[in-house]
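Follow the chain through its hairpins, then turn to a sheet and a helix that packs beside other elements. Keep the structure open as you read.

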Amino acid sequence: MGMGNDLADVLIVGAGPTGLVLACDLVRRGAAVRIVDRSPAPPRTSRAKGPNARSLEILDDLGVADEVLASGSAPLPMLKYRDRLPVAETDPWADSAPSPDAPYDRGRLIAQWRLEEILRDRLAGYGVRVELGREVVGLTEAADGRHVDVTFAEDRTERVRYAVGCDGAHSSVRKLLGIGFEGTTAEDQVMVCGDVDLAEGALDRTRWHQWFDEDGAVMLCPIPGTRTGWWFQAGPERDGRGRPLAPTADGFRRLLARHTALPGRALTRAELLSTYRVNVRMADRFRAGRVFLAGDAAHVHAVAGGLGMNTGIQDAFNLGWKLGLVLAGRAEPALLDTYEEERLPVAARTLDLTSERLRATLEAIRRPGGGLDAAITLDTTGLGVGYRWSSLTRVPDETPRHDETPRHDETPRHDETPRPDKTPRPDETPRSDETPRSGDGLPGSPRPGDRAPDAPCVDAVTGARTRLHRVFAGPRTTVLGFGPGSAAVLREVAAAYGDAGVRTCRVYASHESGARSGPGAAVVDDEGHAAAAYGTGAFGDPGTGTVIVVRPDHHLGLSAPADDARSVHAYLRRLHGAGRPRNGSPALVDAARKG
């Protein structure tokens with residue numbers, strides 16, 4: 001048995017979207033990353049239909065959103081049929097539009113193989129390539145407690161600092177760790193799927209066609225970037241005892257002829273055939289020592305709402321910055337505990353949400369005109385997911401109030417985050433006798449743990465239009481300063497952390513001088529969108545100013561009056577240690593943005 005010599009910081013097992021996003025995020029932080037996949041060649045699959053709005057923000061941060069947008073298409077209106085005749089057309093996004101705080105209001109249709117290709121190219125630009133045909137068969141934490149020994153099928157063992165299983169629902173990593181994957185499989189909820197070609201001109205490619213009959217269903221959605229390719233989903237054929245039959249090209253042709261006005265011969269090719277059963281399962285923990293689980297390896301759920309791949313991408317974006325800071329020696333290893341603390345409740349909520357959306361969809365398609373639009377809600381954009389219950393929402397040594405600690409049986413709700421209209425709910429309104437604390441903002445404004453809103457603004461130096469998420473982009477924590485009173489804190493932060501993974505940005509109001517007068521970036525909030533999004537009038541006298549700490553994954557860590565420098569420094573110490581590193585830790589690699 002051979003032992004590899006090159007010590008990687010992180011070995012990622014599984015090169016789907018989850019593993020590739022994690023690899024891209026880690027490598028730009030200076031981590032030594034390896035990513036392996038048991039497949040001998042990159043799978044050419046179209047399983048997931050594309051990133052949702054929140055995943056697009058993550059892909060934008062990684063510098064690939066423009067390519068994803070160019071390679072995909074907007075979500076399509078849905079044309080519904082009954083008894084072969086069109087009965088209704090619905091555009092689930094008709095009433096949605098980009099807003100200053102969320103420029104991506106909807107997802108993007110793109111074949112999964114194409115998204116993976118874009119991410120592999122991005123990773124290759126950092127000098128890292130997927131190692132194909134490598135299967136992990138053993139995982140053991142080394143005796144020193146500081147490494148993991150990974151054994152591959154070719155009887156070679158290699159030592160790494162951390163490993164992450166992104167290897168899907170049948171995860172070898174999860175099984176090797178002995179982590180339970182409890183839940184249910186609905187044997188009666190079955191769908192056959194595949195990628196098919198239809199004769200050119202057979203169907204309008206500007207619509208997602210859905211035939212729902214009492215005895216079955218066929219759904220055909222055009223695959224962007226192809227001339228004749230379609231995603232095919234259908235209720236299966238069944239044998240004489242009612243058991244579902246395995247998918248075949250001829251079976252797809254029979255289903256097409258039975259439910260649609262197209263002849264079976266219109267289907268000219270069928271490949272990547274599979275049977276989908278509704279599985280609702282979740283790992284009972286997302287970590288075992290130095291090994292983590294992410295994506296389908298950690299949770300699987302109903303397909304309704306398209307949250308499978310997206311939840312995995314968001315797992316990766318939560319874990320990447322934490323691993324990066326610990327590997328760089330800036331954060332204590334305890335920071336890694338917050339990955340499971342934050343993402344396991346989100347996964348649990350996602351299982352509930354998708355099961356409810358599936359129930360609503362199955363109910364809707366019983367009626368003529370019902371369709372897959374029943375699965376789409378604001379929750380499925382991913383923009384409302386936050387971590388208000390997390391220990392990272394509190395300044396260290398600050399005792400949480402009784403109403404901030406989630407009960408052990410309480411799964412955080414998606415409705416705990418600000419709604420798009422920022423209207424406060426009754427439970428968000430401060431009591432008349434309550435003074436806002438560090439971390440609280442105006443009622444309805446984002447609170448620590450929430451997604452940090454975007455906002456259009458102007459670069460104070462160049463005059464070019466930009467937006468806050470562009471300021472956040474790259475592997476750093478961002479400290480925003482609003483109001484003249486924030487200048488002193490920003491100077492202190494820049495002096496202490498300027499080359500330790502923290503950037504500062506002064507946000508000027510339109511009536512303030514736009515001249516850059518301090519360290520870090522500076523933008524002008526010329527239309528007031530940033531101040532509105534962050535509720536920076538929360539602390540009375542605008543001369544005091546407000547400081548907002550935004551984590552590298554675009555979630556608020558802290559919102560404080562600028563005269564509360566103690567809280568700002570205490571929070572940054574939690575993530576970045578005491579400041580400038582004294583012994584050469586891995587350098588950060590800023591995101592090289594295309595264009």
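Start at the hairpin of β12 and β13, which has six residues between the strands. Within that hairpin, Gly 225 takes a positive phi near 85°. This is a predicted model, so read every feature below as a prediction. Strand β12 spans residues 216-222, and strand β13 spans residues 229-234. The two pair in the antiparallel sense over five bridges. To find the register, look for Val 218: its bridge partner in β13 is Ala 234.

Now look at the other partner of β12. Strand β11, residues 208-213, also pairs with β12 in the antiparallel sense, over five bridges. β11 and β12 form a hairpin with two residues between them. Here Asp 213 has Gly 216 of β12 as its bridge partner. Is β12 mostly covered or mostly open? Six of its seven residues are buried, so to speak of the strand as mostly covered is fair.

Go back along the chain for another hairpin. Strand β4 (residues 78-82) and strand β5 (residues 85-90) run antiparallel, joined by five bridges. Across the pair, Tyr 81 stands opposite Pro 86 in β5. Two residues lie between the strands. In the turn, Asp 83 has a positive phi of about 55°.

Next comes a sheet. Strands of a sheet pair through backbone hydrogen bonds, either parallel or antiparallel. This one is open, has seven strands and shows mixed pairing. Its order is β19-β18-β22-β21-β20-β23-β24. Which strands sit at the edges? They are β19 (465-467) and β24 (556-561), each of which pairs on one side only. From one strand to the next, the twist averages 30°. Inside the order, β20 and β23 run antiparallel and are joined by five bridges. One of the bridges links Thr 478 to its partner Val 550 in β23.

Finish with helix α10, residues 487-497. Which of its residues are buried? Val 489, Leu 490, Val 493, Ala 494 and Tyr 497 are. These residues lie on the same side of α10, because they cover an arc of only 135° around the axis. What covers them includes β20 (477-482), β21 (502-509) and β23 (546-550). Helix α12 (565-576) is also among the covering elements. The strands β20, β21 and β23 belong to the sheet just described, and that links the buried residues of α10 to its strands.

Conventions: Residues numbered from 1 in each chain as written. Predicted model: local features only at pLDDT ≥ 70, side-chain atom pairs only at ≥ 80, totals over all residues. Heavy atoms only, no water. Buried < 20%, exposed > 50% of the residue type's maximum accessible area, 1.4 Å probe, protein only. Helix = DSSP H or I, 4+ residues; strand = E, 2+ residues; numbered from the N terminus. Pairing = 2+ DSSP bridges. Arc of directions from axis to C-beta. Contact = heavy atoms within 4.5 Å. Axes fitted to C-alpha atoms, helices over the stretch in contact; angles between N-to-C directions.
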